[in-house]
Amino acid sequence: MTRVKRARLAAVGVVATAAVGGLVIGALPVDHSAQPGVRPAVTAMDPSTFYNSAQQKFAAGDVTGGLESLQQMLSVVPVDPYALALQAIWSAQVDDAAGSDAALAKLNGINRTLHTTARNIIAGVDAAAQIVPDTSPKTVTGRTAIVILGYGLNGNGKMAPELIRRVTAGKAQAEAAASAPIVVAGGAPKKGITEAAAMKKWLVANGVDDGRITEEGRSGSTVANAQNTAEILRGQGIDDIILITSPNHIRRAAADFAAVGLRSVATVTTATELDKYREPLTRDRQKGIRLEATRAAEIPATRAAGLPLPDNLPDTGPGLIPEFGEKLLESLLDAGSSAIDSLPAE
């Protein structure tokens, strides 16, 4: 059966899964009252409704409710990779290790890239929550980059005092790790000057070699900082970073960077309100950085109606339908419905 047919079938809610000891076929309710010769319409809540409800609840801090909505969705579409990734990530938030591990195991058989991302978020949030901000430059080994995060420029394009403190910390770290490349990250231009350009100009003026510094001047948020910096460093084969920002920002930033595959092996912060952030984040206070990490990983915040199966699902595999099931689903497609006919071809 073609991928398009499978996607169209999934979009109207017909689901098949391989079960222990045999094939289980499930179909959403069908209206049988139509006149002879007229194909019946499928009537059921679209799976994306459950997904969107879950994401709204996570954003509101209702983790238990969000997980319940995900479970409702997965009872209809048990192989949806984004739902499984969210189930793994948010089960970890409520200390449900068994639920998180089970979701990860299913996800590994469906989408290994997303499986890795979910694991990175879980581990990254755990590590970020434990960061104790401090101002000391760090000694590191291996191929590591220094990443200095921007801060809003003044209206005249000049650096604000906190940004000067960040680049000062970055300069000290650059001296302690003399061979490490440096990324200065921040867009939001004022008077035509980006945060990254202003940071680089300051660093060079204060003795840092121009050739070590790469500007990431497109981003206007921490999420975009992480995504765009990952694109730069991936091309250099670098996965480990020394992350430099302010104490009130370091944990959120570290979680976002973990979500895109960049591990903060060390952190350096400014001294701004340092004592205020010495205590690790409690589990409840990790909700915010966990949510933002899913955004950095580009896990959709909402899904459109008519949810299709992912393009990269294999024809057979864990949780998917064997050849017999494919033939049975073909017959269901051939029987058809007005809802199937109304779907676009691609």
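The second largest pocket of this predicted model has a volume of about 320 Å³. Its lining is built from 16 residues, and those that lie nearest the centre are Gly 124, Ala 127, Ala 258, Arg 263 and Ser 264. Two or more lining residues are given by each of helix H6 (112-129), helix H10 (250-259) and strand S7 (263-269). H6 supplies the largest share, with six residues. By residue class, the lining of this pocket divides into eight nonpolar, five polar and three charged residues.

A look at the whole chain helps to place these elements. The protein has 346 residues, 48% of which count as buried, and its secondary structure comes to 13 helices and seven strands. About 16,100 Å² is exposed, with carbon and sulfur atoms supplying 52% of that area. Contacts also reach far along the sequence: among those between residues at least 6 apart, 74% join residues at least 24 apart.

In soluble globular proteins, nonpolar side chains tend to be buried together. Here, the largest nonpolar core holds 59 residues, of which Leu 243 and Ile 299 touch the most other members. Helix H4 contributes eight residues to this core, the largest share. Beyond four places in sequence, the contacts of Leu 243 include Val 147 and Leu 149, as well as Ile 250, Ala 253, Ala 254 and Phe 257. Leu 243 also touches Ser 264, Ala 266, Thr 267 and Val 268. Ser 264 thus offers a handy link back to the pocket, as it is among the residues that lie nearest the pocket centre. A second, separate core of 23 residues includes Ala 169, Ala 174, Leu 203 and Ala 266.

One member of that second core, Ala 174, is placed in helix H7 (residues 161-176). With a relative accessible area of 4%, Ala 174 is buried, because the cut-off for burial is under 20%. Leaving aside neighbours within four places in sequence, Ala 174 is in contact with Ile 146, Ile 182 and Arg 212. The C-alpha atoms of Ala 174 and Pro 137 are 8.4 Å apart in space, although the two residues are 37 apart in sequence. Leu 203, another member of the second core, is one of the buried residues of helix H8 (residues 195-205). The others are Glu 195, Ala 196, Ala 198, Met 199, Lys 200 and Trp 202. What covers the buried residues of H8 includes H7, together with strand S3 (144-149), strand S4 (182-185) and strand S5 (213-216). After H8 comes Gly 207, with a positive phi near 100 degrees.

Strand S7, met above in the pocket lining, also contains Thr 267. Thr 267 is buried, with a relative accessible area of 10%. Its contacts, leaving aside neighbours within four places in sequence, are Ile 131, Asp 134, Lys 138, Leu 243 and Ile 250. Another buried residue is Ser 246, which has a relative accessible area of 3%. Ser 246 lies in the loop between strand S6 (240-245) and H10, and touches Glu 162, Arg 166, Thr 269 and Thr 270 when residues up to four places away in sequence are not counted.

Helix H11 (residues 287-296) is mostly covered, with seven of its ten residues buried. These are Ile 289, Arg 290, Leu 291, Glu 292, Ala 293, Thr 294 and Ala 296. Among the elements that cover them are H6 and H10, joined by helix H2 (47-59), helix H4 (81-93) and helix H9 (222-234). H11 is followed by Glu 298, whose phi is positive, near 65 degrees.

Most residues other than glycine have a negative phi, and two loop residues are worth a look in that light. Asp 95, in the loop between H4 and helix H5 (97-108), has a positive phi near 60 degrees. This residue is exposed, with a relative accessible area of 54%. Ala 188, in the loop between S4 and H8, has a positive phi near 45 degrees. With a relative accessible area of 36%, Ala 188 is partly exposed.

Notes: Residues are numbered from 1 along each chain as its sequence is written. This is a predicted model: local features need pLDDT of at least 70, side-chain atom pairs count only at pLDDT 80 or more; totals for chains, interfaces and linings use all residues. Side-chain values use heavy atoms; hydrogens and water are left out. On a 1 Å grid over the protein atoms alone, a cavity is a set of points where a 1.4 Å probe fits but cannot get out, and a pocket is an open set with protein on both sides within 12 Å along at least five of seven lines; lining residues have an atom within 4 Å of a point. Grid points are joined across faces, edges and corners, and a volume is the space filled by probe spheres set on the points. Helices (H or I, at least four residues) and strands (E, at least two) are DSSP runs, numbered from the N terminus. Ala, Val, Leu, Ile, Met, Phe, Trp, Tyr, Cys and Pro count as nonpolar, Asp, Glu, Lys and Arg as charged, and the others, Gly among them, as polar. Buried means under 20% relative accessible area, exposed over 50%, partly exposed in between (1.4 Å probe, protein chains only). Contact means heavy atoms within 4.5 Å. Accessible areas come from the Shrake-Rupley method with a 1.4 Å probe; for residues, only the protein chains shown count as cover. A nonpolar core is a set of buried Ala, Val, Leu, Ile, Met, Phe, Trp, Tyr and Cys residues joined through side-chain atoms within 4.5 Å.
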